[in-house]
Amino acid sequence: MNPLAHDLNSAIAAVNPQVLEMLSPLGRELYFPKGILTQSAEAKQLARRYNATIGTAMENGVAMNLPSVMMHLGDVSANDALLYAPSPGMQALRDEWTKKLLIDNPDLRGVGISVPVVTTGLTHGLSVIGDLFMEAGDVLLLPDMMWENYNLIFALRRQVEIRQYNGLRDGGLDLDAFRQALTAACAERKKVVVLLNFPNNPTGYSATEAEGQALAAALTAAAAGGTNIVVLIDDAYYGLFFDERIMKQSIFTKLATAHPRLLAIKADAATKEVYVWGLQSAS
Ligand SMILES: Cc1ncc(COP(=O)(O)O)c(C=O)c1O
């Protein structure tokens with residue numbers, strides 16, 4: 001294992017050893033190379049004449065640019081539009097998305113959540129989460145009605161075993177079916193991954209406040225029982241709420257601090273929330 005990955009794992013274990021257990025073998029091996037980034041940061045501070053650390057062309061401190069490109073970018077500066085962004089995304093965007101999260105989900109105020117990482121759309125975000133937390137043979141619980149691309153992202157790509165339970169009954173969530181599926185998976189596995197998607201694609205169903213509490217209670221009890229629970233929350237359609245009884249905050253708010261053995265991961269995106277399907281920016 002690369003010493004940088006080793007250090008990162010030690011840092012995670014020092015805060016929460018269960019999270020280290022939840023990482024896939026690939027997730028444990030991943031690290032961020034220090035070379036080019038450290039050198040670039042040093043060059044920014046110290047280089048007097050040339051910065052030859054990264055392959056970008058500069059002219060008088062501004063990214064070299066073509067007018068035929070810039071004329072389409074409105075008031076976005078050449079440096080913002082054309083230079084490499086840091087790999088977790090531009091800090092200003094991450095900070096703005098954090099502010100938006102706290103406005104939409106006031107229960108998260110004061111809660112220790114990480115700053116969102118920018119991905120190229122939700123699909124990419126889900127795929128990165130799959131790489132980090134899922135390995136061949138892991139169990140992923142999903143309702144019978146689900147976005148079909150989960151098959152590609154998780155079952156095909158990560159070789160995860162998707163187990164489906166009955167999602168809806170009598171006009172609401174089939175909570176019994178969910179609890180049974182969770183209990184059965186926990187009885188045989190040390191780690192179980194659960195994906196929640198509200199409003200749901202394809203049914204459009206969104207959990208009520210009471211149903212959200214029941215789901216959170218079941219997941220917390222499963223974690224308290226000794227199974228590592230990774231809850232992946234796909235909030236692709238967040239905000240499309242047309243009924244007074246449904247949860248207005250993400251179910252992430254009920255899970256973020258529920259139990260040390262429960263890791264809640266929120267994946268959300270501008271894609272559908274603000275009708276920008278082609279922009280493909282998500283957190
Ligand atoms: C439930 C769900 N998650 C994720 C996505 C993908 O979102 P994006 O286009 O941002 O990759 C979709 C798109 O249809 C979806 O329905």
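**Note on pockets, cavities and the ligand site**

1. The lining of the second largest pocket divides into 11 nonpolar, 5 polar and 1 charged residues. Here nonpolar covers Ala, Val, Leu, Ile, Met, Phe, Trp, Tyr, Cys and Pro; charged covers Asp, Glu, Lys and Arg; the others, Gly among them, are polar. This pocket holds about 620 Å³ of space. It is lined by 17 residues, and Ser-40, Lys-44, Ile-54, Leu-83 and Tyr-84 lie nearest its centre. Helix α4 (residues 35-46) gives the most to this lining, with 5 residues.

2. The model is predicted: local features need pLDDT of at least 70 and side-chain atom pairs pLDDT 80 or more, while totals for chains, interfaces and linings use all residues. Residues are numbered from 1 along each chain as its sequence is written, and side-chain values use heavy atoms, with hydrogens and water left out.

3. Overall layout. The protein has 13 helices and 9 strands. These are DSSP runs numbered from the N terminus: helices are H or I, at least four residues, and strands are E, at least two. The C-alpha trace spans about 70 × 45 × 40 Å along its principal axes. Of the 283 residues, 40% count as buried. Buried means under 20% relative accessible area, exposed over 50%, and partly exposed in between (1.4 Å probe, protein chains only).

4. The largest pocket. Its volume is about 1700 Å³. A pocket is an open set of points on a 1 Å grid over the protein atoms alone, with protein on both sides within 12 Å along at least five of seven lines; a cavity is a set where a 1.4 Å probe fits but cannot get out; lining residues have an atom within 4 Å of a point. The lining of the largest pocket counts 43 residues, and Ser-114, Val-115, Val-117, Leu-132 and Phe-133 lie nearest the centre. Elements giving two or more residues to this lining are α1 (3-15), α2 (17-22), α7 (91-104), α8 and β9 (262-267). By class, the lining has 28 nonpolar, 12 polar and 3 charged residues.

5. Which residues come nearest to the ligand? They are Thr-123, Asn-201, Asp-234, Tyr-237 and Thr-271, out of 13 around the ligand. A residue is near if one of its heavy atoms lies within 4 Å. The shell has 5 nonpolar, 6 polar and 2 charged residues.

6. Side-chain reach to the ligand. A polar side-chain atom of Asp-234 lies 2.6 Å from a ligand nitrogen atom. Thr-271 places a polar side-chain atom 2.6 Å from a ligand oxygen atom. For Lys-272, a polar side-chain atom is 2.9 Å from an oxygen atom of the ligand. The ligand has 400 Å² of accessible area on its own, and the protein covers 90% of that area. Accessible areas come from the Shrake-Rupley method with a 1.4 Å probe. The elements that give two or more residues to the shell are α8 (121-133) and α13 (270-273). Helix α8 supplies the largest share, 3 residues.

7. Cavities. How many cavities of 30 Å³ or more does a search of the whole structure find? The search finds 2. The largest holds about 190 Å³ of space. It has 18 lining residues, and Pro-143, Tyr-165, Gly-167, Leu-173 and Phe-198 are the closest to its centre. Elements giving two or more residues to its lining are α10 (175-188) and β7 (191-196). The lining divides into 12 nonpolar, 4 polar and 2 charged residues.

8. The second largest cavity. About 80 Å³ of space lies in it. Its lining includes Phe-198, Asp-235, Tyr-238, Phe-241 and Met-247. Phe-198 is also among the residues closest to the centre of the largest cavity. By class, the lining of the second largest cavity has 6 nonpolar, 3 polar and 1 charged residues.

9. Glu-244. This residue sits in the loop between β8 (228-234) and α12 (252-255). Glu-244 counts as exposed because its relative accessibility is 71%. Pro-202 is 42 residues away from Glu-244 in sequence, and their C-alpha atoms are 21 Å apart.

10. Gly-112. The loop between α7 and α8 holds this residue. Why does Gly-112 count as exposed? Its relative accessibility is 80%. The C-alpha atoms of Gly-112 and Ala-256 are separated by 8.4 Å, with their positions 144 residues apart along the chain.

Technical notes
Polar contact = N/O pair within 3.5 Å; in protein donor to acceptor, adjacent residues only side chain to side chain. Points joined across faces, edges and corners; volume = space filled by probe spheres on them.
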